[in-house]
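Please open the structure in the viewer and keep the sequence panel visible. The tour below proceeds by selection, one element at a time.

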Amino acid sequence: MSKPSFMQSIFLFLGIFMHAIKTTGAQSVGVCYGRNGNNLPNAQATINLFNTYRIRKMRLYSPDQAALQALRGTSIEVILDVPNPDLQSLQDPAAARTWVQNNIRSYTPGVNFRYIAVGNEVDPNNGATSRYVNYVLPAMKNVHDAIVAAGLQNQIKVSTATYSGVTSGFPPSQGSFQDSAKGFMDPIIRFLAQNNLPLLANIYPYFSYLGTPQGNLRYALFTSPNVIVFDGSRVYWNLFDALMDTMYSAVERSGGPNIEIIVSESGWPSAGGTEATVENAGTYTRNLINHVKNNGTPKRPGKLIEAHIFAMFDENLKGGAETEKHFGLFNPTNQQPKYQFSFGAVNYDSK
């Protein structure tokens, strides 16, 4: 074979470079591995499914030992949660060091941890989670200190997972944390800013759509043909961006102008409630995957958004509204996708 010319070499390099960019973009999307079901595949089968469908990011809601063992040696990047009921015990720095030793260091190297979510959707206004409010920040600090002591701070970032329910304000540039949540969120934002840590946020256009009388379904599904919200020089074609930028505005007002927001959950149910259909769920999922790897938001244009779709499987034991049981990408009994989507170079269709 003849040696490639200089220009051929340049084009070859550019081709590889562009492929790498596209691959990285495709991998900006992960899936949440919820396990509130009695008919779910085992952990190893689930990790195999992640690999088959080229899903390279996972959120795991507790340090499940079978799942962590199955993740060993894979390239899957992991958000690992400290469940809310465990927050109180981590007020003790020694307990936080033990938690990190047992659930992080015991699997490192081997498991590709990226973030630790210290608590999920803790909210002073939510009766189910308000009892954990005083535990979140001390636990975050102790877990962060344990990560630093282990020399893993450049690999693993400590945060907490919040959600749109703690924000208010319209249009998005007027976003702020609700007065009742500011005393809780402001110190968290300052801690994240001081330590160059991201904020995890659960962003659900579906629930915002439900909460808006005469809501615009196409705006929620990324399919609006027109601009819906004008906010100074910024315009919004979809509700996801509006929710993201409302959160960004709230974080900025609380002292975190440079904090990155990682979308720790987003999804659309396929059954059980208003506009919860397979068609709508498929439309939302496909459009979300395409949107986050290409567009950024009006406040952060052109910036890849790291996002995690909720969830891998329908969870028949999930509490709350009926829709909560129907967010899965896959049917748990036959492990087949409910609708067509693609995380990489291959499209997968429902069967």
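**First selection: helix 6**

In this predicted model, select helix 6 and colour its buried residues: Ala 181, Phe 184, Met 185, Asp 186, Ile 188, Ile 189, Phe 191 and Leu 192. Next, display what surrounds them. The buried residues of helix 6 pack against helix 5 (133-149) and helix 9 (239-253), and also against strand 5 (157-163), strand 7 (176-177) and strand 8.

Now view helix 6 along its length. The helix covers residues 179-194, 16 residues in total, and spans 23 Å from its first C-alpha to its last, close to the expected 22 Å. Where does helix 6 have a kink? Centre the view on Met 185, where a kink of about 40° lies shortly before the proline Pro 187. Met 185 is also among the buried residues already coloured. Beyond the helix, select Asn 196, which follows helix 6 and has a positive phi, near 55°.

**Second selection: strand 11 and its partners**

Proceed to strand 11, residues 261-266. Is this strand mostly covered or mostly uncovered? Strand 11 is mostly covered, with six of its six residues buried.

Add strand 8 (residues 199-202), already met as a neighbour of helix 6. Strand 8 and strand 11 run parallel and are joined by four bridges. To locate one of these, select Leu 199, whose bridge partner in strand 11 is Ile 261.

Finally, add strand 14 (residues 307-309), which runs parallel to strand 11 and is joined to it by two bridges. Here the residues to select are Val 263 and its bridge partner in strand 14, Ala 307.

Key. Residues are numbered from 1 along each chain as its sequence is written. This is a predicted model: local features need pLDDT of at least 70, side-chain atom pairs count only at pLDDT 80 or more; totals for chains, interfaces and linings use all residues. Side-chain values use heavy atoms; hydrogens and water are left out. Buried means under 20% relative accessible area, exposed over 50%, partly exposed in between (1.4 Å probe, protein chains only). Two strands pair if DSSP finds at least two bridges between them. The expected span of a helix is 1.5 Å times one less than its number of residues. The bend at a residue is the angle between axes fitted to the seven residues ending there and the seven starting there. Contact means heavy atoms within 4.5 Å.
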